[in-house]
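Trainee: Walk me through this one, please. I'd like the reasons behind the labels, not just the labels.

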Amino acid sequence: MSWYSSNNWYKTEVKTPMGAAQQEKPKSAPPAGSRRVRTIAFIVCVCVIIVGALIAALNGSDSPHYNDDGMPVLWQDYMDELYGTGSVTQADIKLPITKNSADLTLQMASSNRPELDFNEIYEKCAPSVVGIKSMVGDSPDYYGWGSGVIVSADGYILTNTHVIDGAEWAKVVLFDGSEYDAKLIGYDAQSDIALIKIDAEDLAAAEFSSSSSLRVGDSVAAIGNPLSPDLRLTMTRGIVSALNRQISYNGTVMSLIQTDASINEGNSGGPLFNSKGQVIGITNMKMVSDYGSRVEGLGFAIPSDTVAAIVGALVKDGVVYGRSTIGVTIGPISESIADYYDIPQGLYVSDVLEGSDAEAQGIEKGDIIIKVNGLDASQNSDITTAKAALQIGDTIDFTVWRDGDTFDVSVKLIDRAKLSEKD
């Protein structure tokens, strides 16, 4: 088996200080080549990275100062620690692009199918699961490793955007071990969904089912490729632990399925099946601790209903048009933190998207949005709710606090995909 380093896991938007858990999303399993996989070494690597980061933070010339209770002296330092990873990032995918020639829709199966034993689920579904090698440069021995699911017999495959992010070329490994070069149909960084294509026929396409029928407690199974090719086509089982979990990622909030089925690096992009062997989600995140303590049974998947909508857009345009954005990454300031630092309770701006109207209107990183359309703002949903009633080109009114002063500003909603085209 192959040894790997843990250092290309990357964090999602919300970082929780003082020992609490945080969300992390694996960027596909790290390069798999000629070295040995060792779980203990993985844990040691994580600890070394964390300890090194803490030492750098404590000893750096620009490091924050702390009160006796362990809190940063400056509220800005606290917010930077809390939301420091919250900036919007764009995927950089360099795979060869192929023009879509099919009217692709996901194969939605009847909900009246009989339930299956887990061994029957594996026998039915494993042939639909693929491994994905994401490579940069010419070496075939150094690659990122992830999962995907076949959605058509003629070679269309779903995966996570982050599995192929940064890749110049990629290979898809089928159930029988055969490998095919992958080409890109399209991707959406915001929803973490990508669609690729291989030149193959008579593949085992997975069946999908609407995630709207899920209930907490339903049995689920994940089939994917954790850690390295040596553990390819591993199945883990569990239940639906929660529905509609609001997880901040890449400057937006994703509504995800939570499961206790084991999900690890390399599982990203793989399917989550219901008890009938139908795909009800695409795995893309797990929860880990910011400070090395163990967190078990907290995995997440993108609901199949979300996936179906994204696939339709990618097949049509290669991107997802029509989603509005303000152009700011925000996070709530709790009442206790507002009282501690004597600042307003509101929404902290951790990043402003270049080229957005928010930037043009003068909103800056470090601002606090205290009102949305004249109403107090304390949760991200305050902006989401305001956006829901508006169209691209409409405006939202904000009251912004900065360094003890407040000002009002109107920000125009823009099409997120068109803004990305300018990047």
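Mentor: Let's start with pairing: two strands pair if DSSP finds at least two bridges between them. Strands themselves are DSSP runs of E with at least two residues, helices are runs of H or I with at least four, and both are numbered from the N terminus. This is a predicted model, where local features need pLDDT of at least 70 and side-chain atom pairs count only at pLDDT 80 or more, while totals for chains, interfaces and linings use all residues. Residues are numbered from 1 along each chain as its sequence is written, and side-chain values use heavy atoms, with hydrogens and water left out.

Trainee: What makes β6 and β7 a pair?

Mentor: Strand β6 (residues 169-173) shares 3 bridges with strand β7 (residues 179-181), running antiparallel. The rule asks for at least two, so they pair. Lys 171 sits opposite Asp 181 in β7. The two strands form a hairpin with 5 residues between them, where Gly 177 has a positive phi near 95°.

Trainee: Which strand does β6 pair with over 5 bridges?

Mentor: That's β3 (residues 129-135), again antiparallel. Gly 131 has Val 173 of β6 as its bridge partner.

Trainee: How do you know that β4 and β5 pair?

Mentor: Strand β4 (residues 144-150) and β5 are joined by 2 bridges, so they meet the rule of at least two. Ile 150 faces Ile 157 across that antiparallel pair. There are 5 residues between β4 and β5 in their hairpin, and Gly 155 in the turn has a positive phi of about 105°. β5 also pairs with strand β9 (residues 193-197), antiparallel, over 4 bridges, and Tyr 156 stands opposite Lys 197 there.

Trainee: Which way do the side chains of β5 point?

Mentor: In a regular strand the side chains alternate between the two faces of the sheet. In β5 (residues 156-159), Tyr 156 and Leu 158 point one way, Ile 157 and Thr 159 the other, and all are buried.

Trainee: Why is Asp 188 called buried?

Mentor: Buried means under 20% relative accessible area, exposed means over 50%, and partly exposed lies in between (1.4 Å probe, protein chains only). Asp 188 has 7%, so it counts as buried. You'll find Asp 188 in strand β8 (residues 183-188).

Trainee: And why is Ser 410 called partly exposed?

Mentor: Its relative accessible area is 36%, which falls between those two limits, so Ser 410 is partly exposed. Ala 308 in helix α5 gets the same label because its 31% also lies in between.

Trainee: What makes Ser 410 and Asp 397 a polar contact?

Mentor: A polar contact is a pair of N or O atoms within 3.5 Å; within protein, one must be able to donate a hydrogen and the other to accept it, and residues adjacent in sequence count only if both atoms are side-chain atoms. The side chains of Ser 410 and Asp 397 make one of 2.4 Å, and those of Asp 188 and Ser 191 make one of 2.5 Å.

Trainee: What does Ser 410 contact beyond its neighbours within four places in sequence?

Mentor: Contact means heavy atoms within 4.5 Å. By that rule, Ser 410 touches Asp 357, Gln 361, Thr 395, Ile 396 and Asp 397. Gln 361 is 49 residues away in sequence, yet the C-alpha atoms are 7.5 Å apart.

Trainee: What makes a set of residues a nonpolar core?

Mentor: The members are buried Ala, Val, Leu, Ile, Met, Phe, Trp, Tyr and Cys residues joined through side-chain atoms within 4.5 Å. The largest such core has 35 residues, and Leu 158 is among those touching the most other members. Helix α5 (residues 304-317) gives the largest share of this core, 6 residues. A second, separate core has 21 residues, including Ile 157.

Trainee: How do you know that the buried residues of α8 share a side?

Mentor: In helix α8 (residues 380-388), the buried ones are Asn 380, Ile 383 and Ala 386. They cover an arc of only 135° around the axis, so they lie on the same side of α8; that arc uses the directions from the helix axis to the C-beta atoms. Thr 385 and Ala 388 are exposed on the other side.

Trainee: How many helices and strands are there in the chain?

Mentor: The chain has 9 helices and 23 strands, and buried residues make up 50% of its 423 residues.
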